[in-house]
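Please look over the sequence and the model before reading on. The paragraphs below are meant as a guide for a reader who meets this structure for the first time.

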Amino acid sequence: MIEVIFSLDYEIYGDATGSLRQLILEPTESLMNLFQKWHYPLVVFVEVAELERIYQEKSDQDIEVVFNQIQELNRQGHEIALHLHPQWSGAKYQNGRWEVDLSEYNLCSLPEERIREIVSDGIKFLRFILGKSNYVPISFRAGNWLFQPTQPAARILCEYGIKIDSSVFKGGRFKIYGVDYRKASRNGFFWRFWEDVAEDDSQGQMIEIPIYTTLVPFWEMISKKRLEIEKKGQEEGKKAGLFSKLKNHLGLKYPKKLDFCRLTKTEIDEMLKEIWAVDRKSPSVLKPIVAIGHTKDLKDIDTADYFLSVLKESGLKVTTFRSIYGELISD
Ligand SMILES: [Zn+2]
């Protein structure tokens, strides 16, 4: 039993370059139209740390339009979820330029009080954007996928009502941040966790639903489409390139994410085939499959349209973390 969750990271580049209009508003508008056409919901991981700082410094004239768009996403039934890039929290804005604080890149390695402050501010700001003082996001994704060391961050998020995390991808590894998700490959399609997000803990108070990946030889990652997206990101955002990311996996297989903005139609077909093959062996087992996309990566809406059309034809259910939560805890 497969249920697909489309998660969208709603953000500009991690080094604070790029405009809200180009990197958030326009691509999201296209995706909203697409998901409305197929009557499917999205989970939108709103990166609130950047939105709060941009709002405070009035550094982008479209910030209020972004708030309106998030409210509209909420009205249309998409799930509004919490995403935090903590390097934005202490970012400085001077002479029209942002400087993010890279010493706070990994939320989980900050002192407990600082984590609490960033999470609390993030949730407060999300409530402010939505105009709902009691809004509680049910799901979370750590910035840069860094959710280790998992405690005390998980406990703090849990205190604020977060029940599901979707930061892990099986096979993932970020050596310089000490983050290693390779042992999660042993786990099922979702699991409870507490001390370590990559470890299945039946007593854990939170649930991990990882971003779906498949392990491929690293040369398979070099599609023309991905290289173009990487090139654009580097020109505009000077972010880490594909090759520096691949260095985390030299000599190994590389985890390719089910990414509806980066993959080609052929890659999507191959990954769906693999998912269906696994499902045929255990059709009664619930298998939430998390696809990921980034507003800043959307280049061709056609591939996302194709992905949704295949799901519609095959009758697969598309859901959200909020909708699937009841099924997960009764499973
Ligand atoms: Zn992000």
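What follows is a walk through empty spaces, a surface patch, backbone features and charged pairs. The coordinates come from a predicted model, and every value below should be read with that in mind.

We begin with empty space inside the protein. Rolling a probe the size of a water molecule over the atoms shows where empty space is left. The structure holds one cavity of 30 Å³ or more, and the space in this largest cavity amounts to about 30 Å³. Its lining is made by Ile-2, Val-4, Leu-272, Ile-275, Trp-276, Ile-289 and Leu-316, and the elements that contribute two or more residues to that lining are E1 and H8. Helix H8 provides the largest share, with three residues. Sorted by class, the lining of the largest cavity consists of seven nonpolar residues, with no polar and no charged ones.

The second largest pocket offers another view of empty space, holding about 280 Å³. It is lined by 16 residues, of which Lys-170, Ser-185, Phe-189, Tyr-212 and Thr-213 are the closest to its centre. Two or more lining residues come from each of strand E12 (213-217), helix H8 (265-281) and strand E14 (287-294). How does the lining of the second largest pocket divide into nonpolar, polar and charged residues? There are nine nonpolar, five polar and two charged residues in it.

From the pocket we turn to the surface, where Phe-218, Trp-219, Ile-222 and Leu-227 make a nonpolar patch of about 380 Å². One of these residues, Phe-218, sits in the loop between E12 and helix H6 (224-237). Because its relative accessible area is 38%, Phe-218 counts as partly exposed, and this value satisfies the requirement that residues of a patch have over 30% relative accessible area.

The backbone has several features to look for, and a number of them fall in the loop that joins strand E6 (139-142) to helix H5 (153-159). Pro-149 is found in this loop, and a cis peptide bond with omega of about -10° joins Gln-148 to Pro-149. Pro-152 is also placed in the loop between E6 and H5, and the peptide bond that joins Gln-151 to Pro-152 is likewise cis, with omega of about 10°. The loop between E6 and H5 holds Asn-144 too, a residue other than glycine whose phi is positive, near 60°. Is Asn-144 buried or exposed? Asn-144 counts as buried, because its relative accessibility is 16% and the limit for a buried residue is under 20%.

A positive phi is also found elsewhere in the chain, at Ala-16, which is not a glycine and has a phi of about 80°. Ala-16 lies in the loop between strand E1 (2-10) and helix H1 (20-37), and with a relative accessibility of 10% it counts as buried.

The last part of the walk concerns charged side chains. Side chains of opposite charge can pair when their charged atoms come close. The structure holds 21 salt bridges, and a few of them can be followed here. In one, the side chains of Arg-116 and Glu-112 meet, with an N to O distance of 3.4 Å. These two residues are four residues apart in helix H4 (residues 112-130), which means that about one helical turn separates Arg-116 from Glu-112. Both are partly exposed, Arg-116 at 22% relative accessibility and Glu-112 at 31%.

A further salt bridge links Glu-159 with Arg-155, whose closest N and O atoms are 3.9 Å apart. Glu-159 and Arg-155 are four residues apart in helix H5, so about one helical turn lies between them. Arg-155 is partly exposed, with a relative accessible area of 32%.

Lys-183 and Glu-199 form a salt bridge as well, with the closest N and O atoms 3.1 Å apart. Lys-183 lies in the loop between strand E9 (179-180) and strand E10 (191-193), while Glu-199 lies in the loop between E10 and strand E11 (206-208), so this pair ties together parts that are 16 residues apart in sequence. Lys-183 is partly exposed at 30% relative accessibility, and Glu-199 is partly exposed with a relative accessible area of 38%. Finally, salt bridges that share partners join Glu-112, Glu-113, Arg-116, Arg-155 and Glu-159 into one network.

How values were computed: Residues numbered from 1 in each chain as written. Predicted model: local features only at pLDDT ≥ 70, side-chain atom pairs only at ≥ 80, totals over all residues. Heavy atoms only, no water. 1 Å grid on protein atoms, 1.4 Å probe; cavity = no way out; pocket = protein on both sides within 12 Å on 5 of 7 lines; lining within 4 Å. Points joined across faces, edges and corners; volume = space filled by probe spheres on them. Nonpolar A, V, L, I, M, F, W, Y, C, P; charged D, E, K, R; others polar. Patch = residues over 30% accessible without salt bridge, like charges linked within 9 Å, V, L, I, M, F, W, Y side chains within 5 Å. Areas by Shrake-Rupley, 256 points an atom, 1.4 Å probe, with all protein chains shown as cover. Salt bridge = Lys/Arg side-chain N within 4 Å of Asp/Glu carboxyl O. Buried < 20%, exposed > 50% of the residue type's maximum accessible area, 1.4 Å probe, protein only.
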